[in-house]
Amino acid sequence: MRIQNRRIFKEIPGLRGERIILYDWDGETPKFCNLVKLAADGSTAWIVQPRHPLEGVYSGVELDDGNLRAYNMAGYSDTIDYDSGVILHRIFVK
């Protein structure tokens, strides 16, 4: 899936040369999750796989104790496994 040509909203340096990228949606209807990890070589390591497409539109992300904390437009704060991109825990905060 080619999403790297989208505008980057936020970029976080990873733990081993990877990069966590939060792409900007520019108000478009989502077709894929906008939170990805790029490997050190620039290839896509993972894209977060939400349960529902609208839960995959993230508005913020931070590296927190080796995992990622991401906030989506559906009102959830997700803890995401850094290595796999799997949502480990979800809390409704809105």
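## A charge over a ring

Arg-90 sits over the face of Tyr-76, at 4.8 Å from the ring centre. This model is predicted, so please read the geometry below with that in mind. Tyr-76 itself is partly exposed, because its relative accessible area of 23% falls between the cut-offs of 20% for buried and 50% for exposed.

The ring of Tyr-76 has another partner. A pair of aromatic rings is described by the distance of the centres and the angle of the planes. The structure holds one aromatic pair: the rings of Tyr-76 and Phe-92 have centres 5.2 Å apart and planes at 70°, so the pair is edge-to-face. The two rings link distant parts of the chain, with Tyr-76 in strand S7 (residues 76–80) and Phe-92 in strand S8 (residues 87–92), 16 residues apart.

## The nonpolar core and Val-48

Let us turn to the interior. The largest nonpolar core has 19 residues, and those with the most contacts inside it include Ile-20, Leu-35, Val-48 and Tyr-58. Val-61, Leu-68 and Ile-80 also belong to that group. Two or more residues of this core come from each of S2, strand S3 (35–38), S4, S5 and strand S6 (67–72). The most is given by S2, with four residues.

Val-48 is worth a look of its own. Its place is in the loop between strand S4 (44–47) and strand S5 (58–64), and it is buried, with a relative accessible area of 1%. Leaving aside neighbours within four places in sequence, Val-48 is in contact with Cys-33, Leu-35, Tyr-58, Ile-80, Gly-85 and Ile-87. Three of these names, Leu-35, Tyr-58 and Ile-80, also appear among the core residues with the most contacts. For a sense of scale, the C-alpha atoms of Val-48 and Ala-74 are 15 Å apart in space, while the two residues are 26 apart in sequence.

## Strand S2 and its partners

S2 is largely enclosed by the rest of the structure, because four of its five residues are buried. S2 pairs with S1 in the antiparallel sense over five bridges, and here Ile-8 stands opposite Tyr-23 in S2. S2 also pairs with S3, again in the antiparallel sense, over four bridges. In that pairing Ile-20 stands opposite Lys-37 in S3; Ile-20 is also one of the core residues with the most contacts.

The hairpin of S1 and S2 has five residues between the strands, and Gly-17 there takes a positive phi near 90°.

## Glu-18, a buried acid

Where does Glu-18 lie? Glu-18 is in the loop between strand S1 (8–13) and strand S2 (19–23). At 11% relative accessibility, Glu-18 counts as buried, because that value is under the 20% cut-off.

Its side chain makes a polar contact of 2.7 Å with the side chain of Tyr-82. Setting aside neighbours within four places in sequence, Glu-18 is in contact with Ile-12, Pro-13, Lys-37, Leu-38, Ala-39, Ala-40 and Tyr-82. Lys-37 is thus found both among the contacts of Glu-18 and opposite Ile-20.

## An unusual backbone angle

Most residues other than glycine have a negative phi. Asp-65 has a positive phi of about 60° although it is not a glycine. Asp-65 is placed in the loop between S5 and S6. Is Asp-65 buried or exposed? With a relative accessible area of 78%, Asp-65 is exposed, because that value is over 50%.

How values were computed: Residues numbered from 1 in each chain as written. Predicted model: local features only at pLDDT ≥ 70, side-chain atom pairs only at ≥ 80, totals over all residues. Heavy atoms only, no water. Buried < 20%, exposed > 50% of the residue type's maximum accessible area, 1.4 Å probe, protein only. Polar contact = N/O pair within 3.5 Å; in protein donor to acceptor, adjacent residues only side chain to side chain. Contact = heavy atoms within 4.5 Å. Phe/Tyr/Trp six-rings, centres within 6.5 Å; stacked < 30°, edge-to-face > 60°. Lys NZ or Arg CZ within 6 Å of the ring centre and 35° of its normal. Core = buried A, V, L, I, M, F, W, Y, C linked by side-chain atoms within 4.5 Å. Pairing = 2+ DSSP bridges.
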